[in-house]
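Visitor: I am new to reading protein models, and I would like a close look at one part of this one. Could you take me through the pocket and what surrounds it?

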Amino acid sequence: MSWAFLRDLLSGVNKYSTGIGRIWVAVVFIFRLLVYVAAAENIWKLWALQLILVSTPSLLVVFHVAYRENREKKHNQTLYKSPGEIDGGLLCTYLISLVLKTGFEIVFLILFYKLYNGFKIPHLVKCDVRPCPNTVDCYISKPTEKMIFLYFLVATSCLCIVLNLSELSYLLCKYSVKRYLKRYTKEHRGSASGCHKSGTISHRRAAAARPAHDSPLSLPLNEQDGQENISPLT
């Protein structure tokens, strides 16, 4: 089976991921895909289905970015600050992909636990399934090798779950802090503008209520008449 498409998919998603997402891509590519292709492909066929399912949710991110780029090309103008920046609708798509990847990982861990009786591979199995006429002894091929790869599979799956949950928490916290700072800045600017406006109104009211002592028009009429009748002594 050719795994070139999965390699290209992971490489394409890598440039849109956060730092934690890039670590997840490295773990999937090095410790899962390469190990499976090099050593475990003839032993664990079910592992191939797991790799495909936990990687395909990343296509949602690729499709969303392609949609943004095509929309900008269609309108012949810049509609987004950066088509690959994780914000707005792309953030929701990215979070959904993380939830799906984590869900697939957990489902396959439960499936392996049920199939192999608590991640244990016996050397001998008593089989009475048709077409066997009675109970016979069935020896498992390469049980130790399968046990090692099973433990390795479980360990890498758990590591990927931790990385996905860490990235999910990081993005949610970052988004919450960003919204809070934006709201706080908006409220602070609004209050500062209100204080400045009220100060300006108070200053104008005080100026209007202050008497103009230097103007002769502010004096009473009798005082003005007295000043006009006074003539210098000769």
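Guide: What follows begins at the pocket and then moves outward along the helices that line it. Please keep in mind that this is a predicted model. The largest pocket holds about 330 Å³ of space, and 12 residues line it, with Ile86, Asp87, Leu91, Tyr175 and Lys178 lying nearest its centre. Helix 5, which covers residues 88-115, and helix 6 each supply at least two residues of this lining, while the largest share, six residues, comes from helix 6.

Lys178 deserves a second look, for besides being among the lining residues nearest the centre of the largest pocket, Lys178 also belongs to a positive surface patch, together with Lys174, Arg179, Lys182 and Lys186. Of these patch residues, Lys174 can be placed in helix 6, which takes in residues 143-209.

If you turn next to helix 5, you will find Glu105, which forms a salt bridge with Arg32, and this pair ties together parts that are 73 residues apart in sequence, because Glu105 lies in helix 5 and Arg32 in helix 2, residues 19-40. The closest N and O atoms of Glu105 and Arg32 are 2.6 Å apart, and the structure holds two salt bridges, this one included. Side chains of opposite charge can pair in this way when their charged atoms come close.

Note on methods
Residues are numbered from 1 along each chain as its sequence is written. This is a predicted model: local features need pLDDT of at least 70, side-chain atom pairs count only at pLDDT 80 or more; totals for chains, interfaces and linings use all residues. Side-chain values use heavy atoms; hydrogens and water are left out. Patches are made of residues with over 30% relative accessible area and no salt bridge: like charges are joined within 9 Å, nonpolar side chains (Val, Leu, Ile, Met, Phe, Trp, Tyr) within 5 Å. Accessible areas come from the Shrake-Rupley method with a 1.4 Å probe; for residues, only the protein chains shown count as cover. A salt bridge is a side-chain nitrogen of Lys or Arg within 4 Å of a carboxyl oxygen of Asp or Glu. Lys and Arg count as positive and Asp and Glu as negative; His and the chain ends are not counted. The place of a charge is taken as NZ of Lys, CZ of Arg, CG of Asp or CD of Glu. Helices (H or I, at least four residues) and strands (E, at least two) are DSSP runs, numbered from the N terminus. On a 1 Å grid over the protein atoms alone, a cavity is a set of points where a 1.4 Å probe fits but cannot get out, and a pocket is an open set with protein on both sides within 12 Å along at least five of seven lines; lining residues have an atom within 4 Å of a point. Grid points are joined across faces, edges and corners, and a volume is the space filled by probe spheres set on the points.
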